[in-house]
Amino acid sequence: QEIVRKYGVDFNWFDEQFLIQKGLCLVCAKQLIGSNKQNKPHVDHCHATGKVRGILCNRCNTVLGLCMDDALLLKNLSGYLECHG
C-alpha cells in the first residue's frame, strides 16, 4: 500500500519492473533481496517531478536522496574519488 500512496504505482508495476531488471539494482547491479537491509528493493523517483524511475537497492537510493538528485554533485564526488581515492 505504501508504494501506491507514495509513488502512484501498484504491485503489478513493481513485479513487472522487478522482472525487467532481473531482480537487480539499476545502479550497482546487486541482487535485490528483501531480507538484507542494504539490498532491500526501493522504488526510486525524481524528487523534482515525482516520476518513478525504477527499483534500486537501499544504498543507491539513499545516495541519490542525500545528493538530492544533483547529477553535478555526483559527478564532482566521482572526480574527487578519482583524484584523492
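**View 1. C25 in its loop.** In this predicted model, C25 sits in the loop that links helix 2 to strand 1. Is C25 buried or exposed? With a relative accessible area of just 3%, C25 counts as buried, because the cut-off for that word is under 20%. Which residues touch C25, once neighbours within four places in sequence are set aside? The contacts are K30, L32, I55, L56, C57 and C60. For a sense of distance, look across to S78: 53 residues separate C25 and S78 along the chain, and their C-alpha atoms lie 19 Å apart.

**View 2. Helix 3 and its partners.** Helix 3 covers residues 58-66, and its buried residues are N58, C60 and L64. C60 is also one of the contacts of C25 from the view before. What do the buried residues of helix 3 pack against? Their partners are strand 1, strand 2 (52-57) and helix 4 (71-84). As general background, an α-helix has 3.6 residues a turn, so residues three or four places apart point the same way. After helix 3 comes M68, and its phi is positive, near 55°.

**View 3. The largest pocket.** Here you can look into the largest pocket, which holds about 270 Å³ of space. Its lining draws two or more residues from each of helix 1 (2-7), helix 2 (11-20) and strand 1 (41-45). Which element gives the largest share of this lining? Helix 1 does, with four residues. To find your way around, try picking out some of the lining residues, among them E2, Y7, F14, H42 and N61. K6, F11, K40 and V43 are also part of the lining. Sorted by class, the lining has six nonpolar residues, two polar ones and three charged ones.

**View 4. Stepping back to the whole chain.** This last view puts the close-ups in their setting. The chain has four helices and two strands, and from the N terminus on they follow the order α-α-β-β-α-α. Along the principal axes, the C-alpha atoms fill a box of roughly 45 × 25 × 20 Å. How many of the 85 residues are buried? The share is 27%. The accessible surface comes to about 6200 Å², and carbon and sulfur atoms account for 58% of that surface. Among contacts with a separation of 6 or more, 34% join residues that are 24 or more positions apart.

Definitions and conventions:
Residues numbered from 1 in each chain as written. Predicted model: local features only at pLDDT ≥ 70, side-chain atom pairs only at ≥ 80, totals over all residues. Heavy atoms only, no water. 1 Å grid on protein atoms, 1.4 Å probe; cavity = no way out; pocket = protein on both sides within 12 Å on 5 of 7 lines; lining within 4 Å. Points joined across faces, edges and corners; volume = space filled by probe spheres on them. Nonpolar A, V, L, I, M, F, W, Y, C, P; charged D, E, K, R; others polar. Buried < 20%, exposed > 50% of the residue type's maximum accessible area, 1.4 Å probe, protein only. Contact = heavy atoms within 4.5 Å. Areas by Shrake-Rupley, 256 points an atom, 1.4 Å probe, with all protein chains shown as cover.
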